Amino acid sequence: MRERIVVVGFGPVAARLVDGLLPSVRSGLVQLLVVGQETEAAYNRVMVAELGVGRTTADALAMADAADLAADGVDLRLGVTVKRIDRARQQVVLSDGTTPGYDRLVFATGSRPVIPNLTGINPDPSHPVLPSGVTALRDLRDAAQLREAVVAGKRVIILGGGVLGLETALAAAEEGAPTTVVHNGSFPLGRNIDRGAGTVLAASLRKTGVTVVGNARSTAVEHNGPDGTFSALVMNDGSRIEGDLLVLSCGVRPRIELAEGCGIPAATGILVDHRLRTHHEPHMFAIGDCAEVRCADAGCSECRTALGPSGLVGPGWRQAEWLAEYLILLAEGGQDAADTLAPLPQERPGVVLLKARGINLAVAGDNAAEPWDDELLSVSEGMPGRQVAQWADPGHGRYVKMTTRGGLLEGLVAVGMPRTAAELVMLFERGSELPADRSLLLRLDGPDQLDTPASHNDSQRTVCRCAGISGASIEEAVLDGCSTVPEVSKATRAGTGCGGCHGDIKRIIERHFQGVAA
Amino acid sequence: MANGAKTHCPYCALQCAMTLTPAASAQPASGAALEVSGRDFPTNRGGLCRKGWTSPSLLNHAERITEPMLRGSDGVHRPVTWDQALMLVTGAVRQTREQYGPDAVGVFGGGGLTNEKAYQLGKFARLALGTSRIDYNGRFCMSSAAAAGNRAFGVDRGLPFPVEDLDSASVIFLLGSNVAETMPPFVQHLQGARDSGGLIVADPRRSATAAFTGDGGGIHLQPTPGTDLALILGISHVVVHEGLADTEYLEARTTGYPAIVRSLAAFWPERVQSITGVPATLIRDCARRLADGARRGGSYILTGRGVEQHVDGTDTATAAINLSLLLGLPGSSRSGYGTLTGQGNGQGGREHGQKADQLPGYRKITDPAARAHVAKVWGVDESLIPGPGLPAVELLKSLGKPDGVRCLFVHGANVAVSAPDAGAVIQGLRSLDFLVVCDFFMSETALEADLVLPVTQWAEEEGTLTNLEGRVLRRRKALTPPPGVRSELWLMSRLAESLEAPSTFSDDPEAVFEELRRASAGGLADYSGIDYDMLDRGEAAYWPYLAGSSGTPRLFLDAFAHPDGRAVMVPVVPQKRSTRSAVVGSEREPLTLVTGRLLEHYQSGAQTRRVAELAAARPEALLQMHPATAVAENISAGDFVRVSNERGEVLCRVELSNSIRTDTVFLPFHFPGPGSANLLTEAVTDPVSGMPEFKSSRVRVRKAEPAHAESVLSMQGKLVMQGKEAS
C-alpha cells in the first residue's frame, strides 16, 4: 500500500520537502500530491526584490520544474487552492473539484504580507485588494510591477524599515529609481539592531541615495495618479510623501486559516511539536513560515524559550529536510522506524544579512546590552557574566557590537565591515568561542591583514622559498662577485624554482653596488 | 652519456625536467654520485625546487637497502638472497591462496610507479596472483576529481590542456591547492594572472600560494574547512543570476543546465557567507572576475586536494566543473577546468589497471568489451580476469580480517604514514600472515614487513611517466643500481614464472610499454600511437594518442567524451553537515585539523626526511596555530602540545601564525611516529570515489606535560641524527 502524502503549498520550503521525498516517489513507496496556489512551480521568494529591480531573471529563481516532477510521478496541481480539509474522511477539498485522500498531510502554506491599516486600502487581511500602484512585493507579479517602475525611473516609496524593505529600497535606488524609506522608529531595523548600528545604517542609506523618513506614522494612501493610481502617502501630521509606487513592507503573518478551519491548534503559527506534528493530530505536519514549534508539554524547557516563526527560509529548509527523512521512515517502517530519527534540534536565533550591494550589515541575537550596563560590570557568581565589546567609527560607516556570555556570542551586529561580519556570523552559527582579544576580529577588515611582507632588509628572511635560500646567502654570493641574477642563481640556487624572487635578488645586488658606489 | 641523462624529477606530478651528470671531481656537498641541473621544458622552464636539487643524495645514501631483508622471530630484519626471497614470496602466496582463496592476497600500489610498473602490477595481480584485491595510494588523492571528471566530461585527464596555456590567462581560480609549496616551479604559470590582478585562491590558510594574491595579485577567499562546496555554489549562483553564464555554450555543449539553475537558487551570496565565512562581496567579485576573464585572456579553474579530500570531494569537484561549464570554459582554446595531480605518476598511475575497478587504457573492469580486449592482448581467457576489488580504504580495513587480505604486496607506498587512521592501518599490517614491501629505504611500512625487497630508484631505471597535463615523459637511466637492487619489473617477471602465471611478464621497460600500447588501444587513455623512439626525439605526446595521430594536447575542443559529445552537468548540494546551523563545534574537540604538505618534504617523507638538507630545514612536524587560539590554551610558540581525538594523539611543537583561521590548525603529514598527522584522520570516504576525508578532523589541542615532551624530544633527536649521518 503506497503512503499518500499531500503537501499544501508549493513555495521554497515545500520544494525542499518534495526534493527529499522524490526518491520514495520514484521507487513507488510514496504517492505524492502537491497543491500550489500560484501557477508557477516553486521559486526562491527570498530574491523577489532582486527580480523586481532586474538583477536576476524569473528562470534563475526556479527551484522546481513542473514537467520533471510530473515525470517523476508527482501529482502537482498548480493554480489550485485547498478549500478545506475534511479530517474525518482524511480528504482535502480542492478548488479543481476533486477530493483526494491522504495518509499524511503537510502544511507548507507560508505567510502573507501584513497589510497596514491605511485609509484607501481595503483592510480585509485574507483577501486584500490593493489599489493600483501599491504592492506588497510577495510574488512574481509583484516583482514585475516593481520592475516596471524601476525601469521607468519612477519614484518608489517603501513603507517599513525591516530587512526586506531596506533590501528593496537599496536595490531600487542602486538601479536608479528615486527611493524613500518610511519607517516608524528612530532608526531602521529597529527590531533587530541597537542605536549605534541604526545610526550608522541610516547614514549609510542616505549615502547610497535612499531618502530615509524616520519616526513617521502614515495614515492614508492617496490615489490621484493617472487612472486613479497611487500618488502619495499621507502622514499623521498631514504631510504627504509623493511617489509613483508604494511597496508595503510591514512584515508577514503565517497563513494558518486552513489549519484553524479544520480545528488544528494555532498561535502565531500552526503549533507543532519537536517532530513537526500538529497538536493532537500526529499525521498532520507543518513546516516553514506557517509553523510554530511549541510542543504541548507545558514543562518543556526548549519551548519555554522558543521563538515564534522567524520568517527566514533557513529554518524552514532544515525542517523540510528533516521531515522528508521522517516521512520516508514512516512509510518504510511505520512509527517504530520513524521514532529512531532524533527530533529536530532547536533553532538558534536567526541571522539577518542584508542582501545589498552598497551596505554590508549582519545582525543576530540580542543586541540591547550596552558595554557600560551595570549588570555587565558587576561581578556575578556561578554563571559567566555577559560581556559587550563595541567598535564605532560612524565617520567611516563602521560599527560592530559583540555581546557574549562565556566567550560565546549571544548577539552581534556589524555594519560596514564585511570580513568581520562574515566571521562573527559563522562563530554565532557554530556556537564557537570568540578569541579573547576581540579586536582580532575587527582587524580582519584592516588592510594590514592582507599583506604581511617581511622587511625587505631583514637578511635572515628567506628570499627564495623554493630552494630555501636566505638574503644573507645571496649577499654573500654578491660579495663573492656575482653581479647578475643568473650568476647568483648559479652560485646559490636562489631563483631556480618558480623565479618569483628574481626581483628581490636584483634589489639585493643593486643595494650592494649602490653601497659600493657611495 | 657525455651530455648526461635527460630525465625528470623523482617527485611530484609537474615532473620537472632535469639533467643528471656524474658528479665532478670536486664532490658536491651532498656526497651524491650525480649532479642535477634544471633543464628547459615547458612545465618547469629550467626551474627546480629544493627537493629536486637534492634528489641524488638518496642514491648512495647510507640507509639504502641493497639486499632483500627478512624479519626474524626477534623482529630484526636480516639479509637473505634473492633466491630465498623469491621462494618465500611464492610459498606465502601459494599457501594463502590454498587456505583462504585468491582474494586473500592483496596488492597496494603507488602513484609514483612508472607506467610500465603500474600496468604490469595490475596484470600481475589479476593473472599471477589471481586476485581482485588491488588498489593504490592514488585513491587518497586523485579519485574524487577523477570520478567528477569522468562523470562530467566522459574522461579524466588532470589538465586537459598544456600547462603553458595558463601563462596567458587573465584569471586563474585555485581551489584548495598550495602550489607554491607542492610544485614551486608551477608558480611561473600564474604570473600572467597575477599581473592582471586575476589570481583567486580559496584556502582556509593564507598559504604561500594565497599570499601571491597580495599586492593587487588577486583575491584570497578564506572559507572555513569543509565548506568549499557551498562556496562554489555561491559563486555559481551569482554567475546565473547576474546573467554571466555563457548561454550559447550551455545550449550547444552541455546537458542538465536547467536542473543546475534550480539547484543554485538557494545559494545566494549572503546565505553562503554565513556557511563559509567568506564575505558576500568577495563571492560576487569572484564570479564577475571569472566571467570577465573568460571574455579577455581566458579563465581557468583548478582544483587540488584541499577541496577534494573530503567525504563530499566528488561533489565539490563536480561543483567546480559545473561553474566552469556555466562560464563556458572547458573545451575552449584559452580557458578551462583542471585538477592538479599530486604524485609523480599520479596521472599514468590511475589509467592502466592499478585501480580496483579498472583495466588498462582507463577501461572499466566490469565492461565486457573492455575485458575481452584486454584478455586478447594478454592472450588469456577472459574468465581469468577477476572482477572489481575493493578501493584503498576498504582494502586496508580488510587486512587480517576474516575474508580479508592476509598476504599483502606494497609497491611505492608508505601506508603506515599516509593512510587515514594510520594507527588502525599499522594494526592491520601487523595482523597479516605475510607482508612484502618493495622500497629503497626502511620506510615505516617496510619496518612492519616480513620481507623487504630493495628496488631501483628513478635515476637507475628506464620507463615513462605521465605528468599532470597528460603528457607522456621518458625517465632515463643515469646510473647503474647497487648490485643487490632489482627493478620491480624483474621481480614481477620472476614471481610470475614461479607462480606459473599465464601470459608473459617482461622485465624490459620498453617491451612492457609496447604491450601497454596495445592494451590501451581503443580505451579512453589510448597510448597506442606513442613509442620510446618518439619520446626520445623529444616529441610532445599527450594522450589520447591513437596510432597514426599526433596526440591530443587539448581535449574537448570539438566534443566531450560522452556519446552525444556534450558535457553532463550534475546538480550537487552540500550534505546537512555543512548547512545545519544546529551543528555546534563540540566542546571537547573544538578545532578543525587540516593536513597538508610542506615544500621541503614529499608525501610520507620516506625519501625527503633522509635528505640532510631537507631534514635540517624541516626536521619535525609543527602544528600551525593562530596566536589567539594558542593564548586561550596558554600555549606559546615552540611549546609541545598534544593534539588528540578519539582515534589517537599527536605530540609535536607549535608554530604560531596569523595566516590560519582561529578555528583551524594545520599539521603536515610527512612525519611518522608521535608526529604522524594521520593518527588523527578518520577512514571515512566519499561515497562515489572511495577517497578519504583528510581535511576536517575535529581535534583538541593541549599543552603537553614535560614527560610527554621528553619522549618526543628523544624521537626527534633520532630523526636529526639520521639526517646528520647522511651528511
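This report covers the chain contact, the domains, the sheets and a few backbone details of a two-chain structure. The model is predicted.

**Contact between the chains**

Chain A places 47 residues in contact with 45 residues of chain B. On the side of chain A that touches chain B, four elements each supply at least two residues: α3 (58-61), α10 (313-339), β21 (351-353) and α12 (418-430). The most comes from α12(A), which gives eight residues. By class, this side of chain A holds 21 nonpolar, 11 polar and 15 charged residues.

**Domains of chain A**

Chain A is divided into four domains. Domain 1 takes in two segments, 3-111 and 253-339. Domain 2 covers 134-250, domain 3 covers 360-449 and domain 4 covers 462-517. Between the C-alpha centres of domain 1 and domain 3 of chain A the distance is 36 Å.

**The five-stranded sheet of chain A**

Chain A has an open sheet of five strands with parallel pairing. The strand order is β8-β15-β9-β10-β11. Which strands stand at the edges? They are β8 (134-135) and β11 (210-213) of chain A. Each has a single partner strand, so one side of each has no neighbour in the sheet.

Within this sheet, β9 (residues 156-159) and β15 (residues 245-248) of chain A pair in the parallel sense over four bridges. V156(A) has L245(A) in β15(A) as its bridge partner.

Two helices pack here. Helix α6 (residues 163-174) of chain A lies across β9, β10 (179-182), β11 and β15 of chain A. Its direction runs at about 165 degrees to β10(A). Helix α7 (residues 195-207) of chain A packs on the sheet and touches β10 and β11 of chain A. The direction of α7(A) makes about 140 degrees with that of β11(A).

**Overall form of chain B**

Chain B contains 25 helices and 28 strands. Its C-alpha trace spans about 70 × 70 × 60 Å along the principal axes. The radius of gyration of chain B is 25 Å. A compact globule of 727 residues would have a value near 27 Å, so the two agree. Of the 727 residues of chain B, 64% count as buried. Among chain B contacts between residues at least 6 apart in sequence, 73% join residues at least 24 apart.

**Domains of chain B**

Chain B is divided into domain 1 (5-58), domain 2 (69-141 + 346-538), domain 3 (159-340) and domain 4 (582-726). The C-alpha centres of domain 1 and domain 3 of chain B are 33 Å apart. Their contact takes 10 residues from domain 1 of chain B and nine residues from domain 3 of chain B. On the domain 1 side, the residues are six nonpolar, three polar and one charged.

**The three-stranded sheet of chain B**

An open sheet of three strands has the order β1-β2-β3 in chain B, with antiparallel pairing. The edge strands β1 (5-8) and β3 (34-38) of chain B each pair on one side only. From one strand to the next, the twist averages 35 degrees. Strand β2 (residues 17-22) of chain B pairs with β3(B) over five bridges, in the antiparallel sense. Opposite M18(B) in β3(B) stands G38(B).

**Backbone details**

Most residues other than glycine have a negative phi, and most peptide bonds are trans. The table lists two residues with positive phi.

| Residue | Phi | Loop | C-beta atoms within 10 Å |
|---|---|---|---|
| Q90(A) | near 55 degrees | between β4 (82-86) and β5 (91-94) of chain A | 17 others |
| Q15(B) | about 50 degrees | between β1 and β2 of chain B | 27 neighbours |

Are these residues buried or exposed? Q90(A) is partly exposed. Q15(B) counts as buried, because the cut-off is 20 or more and it has 27 C-beta neighbours.

Chain B also has a cis peptide bond, from W543(B) to P544(B), with omega near -5 degrees. P544(B) sits in the loop between β21 (541-542) and β22 (567-568) of chain B.

D536(B) belongs to helix α21 (residues 532-536) of chain B. D536(B) is exposed, because the limit is 12 or fewer and it has 11 other C-beta atoms within 10 Å. L516(B) is 20 residues away from D536(B) along the chain, and their C-alpha atoms are separated by 18 Å.

Notes: Residues numbered from 1 in each chain as written. Chains lettered and ligands numbered in written order. Predicted model: local features only at pLDDT ≥ 70, side-chain atom pairs only at ≥ 80, totals over all residues. Contact = placed C-beta atoms within 7 Å. Nonpolar A, V, L, I, M, F, W, Y, C, P; charged D, E, K, R; others polar. Domains from an automatic or database assignment. Pairing = 2+ DSSP bridges. Axes fitted to C-alpha atoms, helices over the stretch in contact; angles between N-to-C directions. Rg over C-alpha atoms; globule rule 2.2 N^0.38 Å.
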